[in-house]
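Here is a short tour for a newcomer. Keep the sequence and the 3D view open while reading.

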Amino acid sequence: MSSEIIEAEQSGKVQEIINEYEKKIFDLQQLLEICRSLCSTLEFSTLIESILYTCMGQFHVLGAGLFVLNALDADSFHLDSNYKGIDLAPNISYVIPTSNPIVPLLENSSKLYTANELIHMLPAGTNISMITSLNPSLIIPLTQHNHLNGILLLGERITLADDASYTDYEKEQLTVIASLGSIAINNAALLERSSTDMMTHLKLKYFFYNVLTDKLDYAISTDGDLSVIMFDIDFFKNFNDTYGHACGDYVLQTVAKIIKSSIRGQDLASRYGGEEFTVLLNETRSEDAMIVAERIRSKVEQFDFCYEDRHVKVTISLGVATFNINDNPVNSPKMLVDQADRALYVSKRSGRNCVTFADAKLISDIKLDN
């Protein structure tokens, strides 16, 4: 064999090695970016979306889904809206109880599975239709300290090759991403628990103010609108005194559910304290804020509150305030909340069970107890 051929073969091998290491360096850079992105995201829905899109982009799959524990109720893993590019069957409940044998199997294993592998590993008769119905190409446990935080499913792969299976190197990459995702989910869950009122599952006052500060700064910089609703339950003490504190708890929890069902995902409801609640309506004008407030008031008034076969009448009084750079250029969250509080006081003074807008002339003489 001539020296030219030998040199060409050696040169080719060297180039292959160079290409391989360049790919590994690129992949490491990608992992660093993914790590930075996941670790800097604490808002739960944004984090889940980031994990899903990262996996879809990195591993060329058409869709992905993630079952996660409810941060406030650790009895089951829920898919909810944590999926992209996959179709759900209408007759299947996409919930995995922690009692399902799949949970300890995934919790005690760092292995990645196909659906068929899982079926053969599980006891006969185990229901995993909530997974198999999604036709996953791979199932990845998200674990931290032998604790399962989530179950990630990757959908159909986009590939020109006949074999759409994952290489050992790709599985290693997925394992690293799953580990990073599990840590990020755990951190987000801790924030969720620490910022949430356990009675009503609404956000706490301090968290509400943090978000309101950011949203108000944005509204000021963009000349946008931002509204706040404040309200409390009329004669709430009567429920505790007449029927007991358990009835009061039931009323609080039910009103909280009505609030959450009446606002958008981009809005934020909080338990301000006692029987007082606040709602932040992002990018919302005064006219629309009044419509939302009236909708909440009407729903509460019309709802059949039934506690231990007793039907109790519940109403709420509301105040609405809106930031607008021309009409109401407040520069602090407390000023906006105080305006809504004063409007609430007007509603209570006017007979309760009504909505009042924080018109400057109307609330100017109202003094709050701080």
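Is Asn82 buried or exposed? Asn82 counts as buried, because its relative accessibility is 12% and the cut-off for buried is under 20%. Asn82 lies in the loop between strands E2 and E3. Leaving aside neighbours within four places in sequence, Asn82 is in contact with Ile48, Leu52, Ala64, Gly65, Leu66 and Val68.

**The whole chain**

This is a predicted model. The protein has 370 residues, and 44% of them count as buried. Its secondary structure comes to twelve helices and 14 strands. Take the contacts with a separation of 6 or more: residues 24 or more positions apart account for 64% of them.

**Two loop residues with positive phi**

The loop that holds Asn82 also holds Asp80, between strand E2 (73-78) and strand E3 (83-84). Asp80 is not a glycine, yet its phi is positive, about 45 degrees. Asp80 is exposed, with a relative accessible area of 55%, whereas Asn82 is buried.

Asn146 is another such case. Its phi is positive, about 60 degrees, although Asn146 is not a glycine. Asn146 sits in the loop between strand E5 (138-144) and strand E6 (147-154). The table sets out both residues.

| Residue | Phi | Loop | Relative accessible area |
|---|---|---|---|
| Asp80 | about 45 degrees | between E2 and E3 | 55%, exposed |
| Asn146 | about 60 degrees | between E5 and E6 | 63%, exposed |

**Helix H8 and its two sides**

Which residues of helix H8 are buried? In H8 (residues 236-243) they are Phe236, Phe239 and Asn240. These residues cover an arc of only 95 degrees around the axis, which puts them on the same side of H8. An α-helix has 3.6 residues a turn, so residues three or four places apart point the same way.

The face turned away from the buried side of H8 carries the exposed residues Lys237, Asp241 and Thr242. What covers the buried residues? The cover includes strand E8 (226-233), helix H9 (245-261) and strand E12 (310-312). Gly244 follows H8, and its phi is positive, near 100 degrees.

**Aromatic rings**

Strand E8 comes up again here. The structure has seven aromatic pairs. In one of them, the rings of Phe231 and Phe277 have their centres 5.7 Å apart and their planes at 25 degrees, so the pair is stacked; planes under 30 degrees apart count as stacked. Phe231 is in strand E8 and Phe277 in strand E10 (residues 276-282). The two are 46 residues apart, and the pair links distant parts of the chain. Phe231 is buried, with a relative accessible area of 0%. Phe277 is also buried, at 0%.

Which residues form an aromatic cluster? Tyr250, Phe303, Phe305 and Tyr307 form one.

Rings also have charged residues over them. Arg157 lies over the face of Tyr166, at 4.0 Å from the ring centre. Lys203 lies over the face of Phe207, at 4.7 Å from the ring centre.

**Helix H7 against helix H11**

How do H7 and H11 pack, and at what angle? Helix H7 (residues 205-222) and helix H11 (residues 333-349) pack at about 110 degrees, with their axes 9 Å apart. Angles of 65 to 115 degrees count as roughly perpendicular, and H7 and H11 are therefore roughly perpendicular to each other. From H7, the contact is made by Phe208, Tyr209, Leu212, Thr213 and Leu216. From H11, Pro333, Lys334, Leu336 and Val337 take part.

**Phe357 in strand E14**

Phe357 has its place in strand E14 (residues 355-357). Is Phe357 buried or partly exposed? At 28% relative accessibility, Phe357 counts as partly exposed. Phe357 and Ala343 are 14 residues apart in sequence. In space they are 5.9 Å apart, C-alpha to C-alpha. Ala343 is among the residues that Phe357 touches, not counting residues up to four places away in sequence. The others are Ser286, Met290, Val320, Ala321, Thr322 and Leu362.

Definitions and conventions:
Residues are numbered from 1 along each chain as its sequence is written. This is a predicted model: local features need pLDDT of at least 70, side-chain atom pairs count only at pLDDT 80 or more; totals for chains, interfaces and linings use all residues. Side-chain values use heavy atoms; hydrogens and water are left out. Buried means under 20% relative accessible area, exposed over 50%, partly exposed in between (1.4 Å probe, protein chains only). Helices (H or I, at least four residues) and strands (E, at least two) are DSSP runs, numbered from the N terminus. The arc is that of the directions from the helix axis to the C-beta atoms. Contact means heavy atoms within 4.5 Å. Rings of Phe, Tyr and Trp (its six-membered ring) pair if their centres lie within 6.5 Å; planes under 30 degrees apart count as stacked, over 60 as edge-to-face and the rest as tilted. A charge sits over a ring if NZ of Lys or CZ of Arg is within 6 Å of the ring centre and within 35 degrees of the ring normal. Axes are lines fitted to C-alpha atoms, for helices over the stretch in contact, and angles run from 0 to 180 degrees between N-to-C directions. Angles under 35 degrees count as roughly parallel, over 145 as roughly antiparallel, 65 to 115 as roughly perpendicular and the rest as oblique.
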